[in-house]
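Q: I would like a close look at one part of this protein, explained in a friendly way for someone who works at the bench. Please begin with the charged side chains and then show me how the rest is put together.

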Amino acid sequence: MMAGTAVPPGPAEEMATSLMAVISIACDASMTKRGRRRRRGAVYWWTSEIDDLRRSCLRARRLAQRAHGMPNEDACRASYASAGRLLRAAIKTSKRLCWNKLCDEVNEDVWGKPYETVMSRLRGPRVWLPLFPRVPDEPALPPPLQAGAIVPAVTLEELRGACRRIKDHTAPGPDRVSNSANKIAIDTNSDIFLQVYTACLRTGVFPACWKRQRLVLLPKPGKPPEEPSSNRPLCMLDTAGKIL
């Protein structure tokens, strides 16, 4: 996939975006993606009593379905309806009691079970506290080149030297492309990487796609969880940007 591809010349931003698209297509064609689906945990209001009632309700439903057209069909349907009412009543009562308990726990532990419950429903990134200042969305202009300055092209030796400093088993950036996959792509078709990197250096542009970071917060042991300084931030960058 990498051997027969090319990056069309143009602005450095567009060339970097095209290069990352080529790498992503090659990765998708050569290996399967790791699934992100996680097993769903029990909801906060689930109890052993509800579990038993649900099991009884499902059993009553199966009996009612199998009794279709038989003399005991009415009795089985009545039993199923009764089991359903008991299950719904237990769920409603448990939801009310557990919700009141969650509201009381918020004042005691901000990052405890109430926080985990809310974030699991929002399905968003886990944000503790604002650790970094906001920056404007406008891209910074590259510094002007001096008159007569000539930026030499990136050589193959320089590219391979930068690749050797990249470890194989470190965590990838937002593009989820592993370091070993980037190295294989560079070994297979190094010309497109040399072309893109040279264009970036000569125009003084560091592409915006390589400025994105995947933030991971590691809690420090023995530190209060509500303090921003209790977390160690790690910013995962794309490997192609690291090589540049």
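Which kind of contact do the side chains of R55 and D51 make, and at what N to O distance?

A: Happy to walk through this with you. Please keep in mind that the model is predicted. In it, the side chains of R55 and D51 meet in a salt bridge, with 2.9 Å from N to O. Both residues sit in helix 2, which spans residues 48-66, and they are 4 residues apart, or about one turn of the helix.

R55 has a second partner as well: the side chains of D52 and R55 also meet in a salt bridge, here at 3.1 Å from N to O. D52 and R55 are 3 residues apart in helix 2, so about one helical turn separates them. As for the surroundings, R55 is partly exposed because its relative accessible area is 47%, between the 20% and 50% cut-offs. D52 is partly exposed too, at 42%, and D51 falls in that class with 27%.

The structure holds 5 salt bridges. One of them joins K183 and D168, whose closest N and O atoms are 2.9 Å apart. This pair links distant parts of the chain: K183 belongs to helix 6, D168 lies in the loop between helix 5 and helix 6, and 15 residues separate them. K183 is buried, with a relative accessible area of 18%, whereas D168 counts as partly exposed at 38%. Returning to helix 2, salt bridges that share partners join D51, D52 and R55 into one network.

Now for the wider setting. The protein has 8 helices and 2 strands, and along the sequence they follow the pattern α-α-α-α-α-α-α-β-β-α. Of its 244 residues, 28% are buried. Among contacts with a separation of 6 or more, 66% are between residues 24 or more positions apart. The protein exposes about 17,800 Å², and carbon and sulfur atoms supply 56% of that area.

K183 brings us back to helix 6, where the buried residues are N179, A181, N182, K183, A185 and I186. These buried residues pack against helix 1, helix 5, helix 7 and helix 8.

Those helices turn up again in the largest nonpolar core, which has 31 residues. L19, L159, F193, V196, Y197, W210 and I243 are the residues with the most contacts inside this core. Two or more core residues come from each of helix 1 (12-30), helix 5 (156-164), helix 6 (179-188), helix 7 (190-203) and helix 8. Helix 1 gives the largest share, 9 residues. Leaving aside residues up to four places away in sequence, L19 touches V7, I192, F193, V196 and W210. Apart from this core lies another, of 8 residues, with I50, A60, A83 and C98 among them.

Several of these names also appear in the aromatic part of the story. The structure holds 4 aromatic pairs. One of them, F206 with W210, is edge-to-face, with 6.4 Å from centre to centre and 70 degrees between the planes. The two partners differ in their surroundings: F206 counts as partly exposed at 36% relative accessibility, while W210 counts as buried at 2%. Together, F193, Y197, F206 and W210 form one aromatic cluster.

W210 leads on to an acidic residue, D238. This aspartate is found in the loop between strand 2 (231-236) and helix 8 (239-243). Its relative accessible area is 1%, so D238 is buried. Not counting residues up to four places away in sequence, D238 touches G173, P174, D175, C209, W210 and R212.

Finally, a word on the cysteines. A disulfide is a covalent bond between the sulfur atoms of two cysteines. With sulfur atoms within 2.5 Å as the rule, the count comes to 0 disulfides. C57 counts as buried at 10% relative accessibility, and C76 counts as buried at 16%.

To return to your starting point, R55 has salt bridges with D51 and with D52, and the three residues belong to one network.

Definitions and conventions. Residues are numbered from 1 along each chain as its sequence is written. This is a predicted model: local features need pLDDT of at least 70, side-chain atom pairs count only at pLDDT 80 or more; totals for chains, interfaces and linings use all residues. Side-chain values use heavy atoms; hydrogens and water are left out. Rings of Phe, Tyr and Trp (its six-membered ring) pair if their centres lie within 6.5 Å; planes under 30 degrees apart count as stacked, over 60 as edge-to-face and the rest as tilted. Buried means under 20% relative accessible area, exposed over 50%, partly exposed in between (1.4 Å probe, protein chains only). Contact means heavy atoms within 4.5 Å. Accessible areas come from the Shrake-Rupley method with a 1.4 Å probe; for residues, only the protein chains shown count as cover. A nonpolar core is a set of buried Ala, Val, Leu, Ile, Met, Phe, Trp, Tyr and Cys residues joined through side-chain atoms within 4.5 Å. A salt bridge is a side-chain nitrogen of Lys or Arg within 4 Å of a carboxyl oxygen of Asp or Glu.
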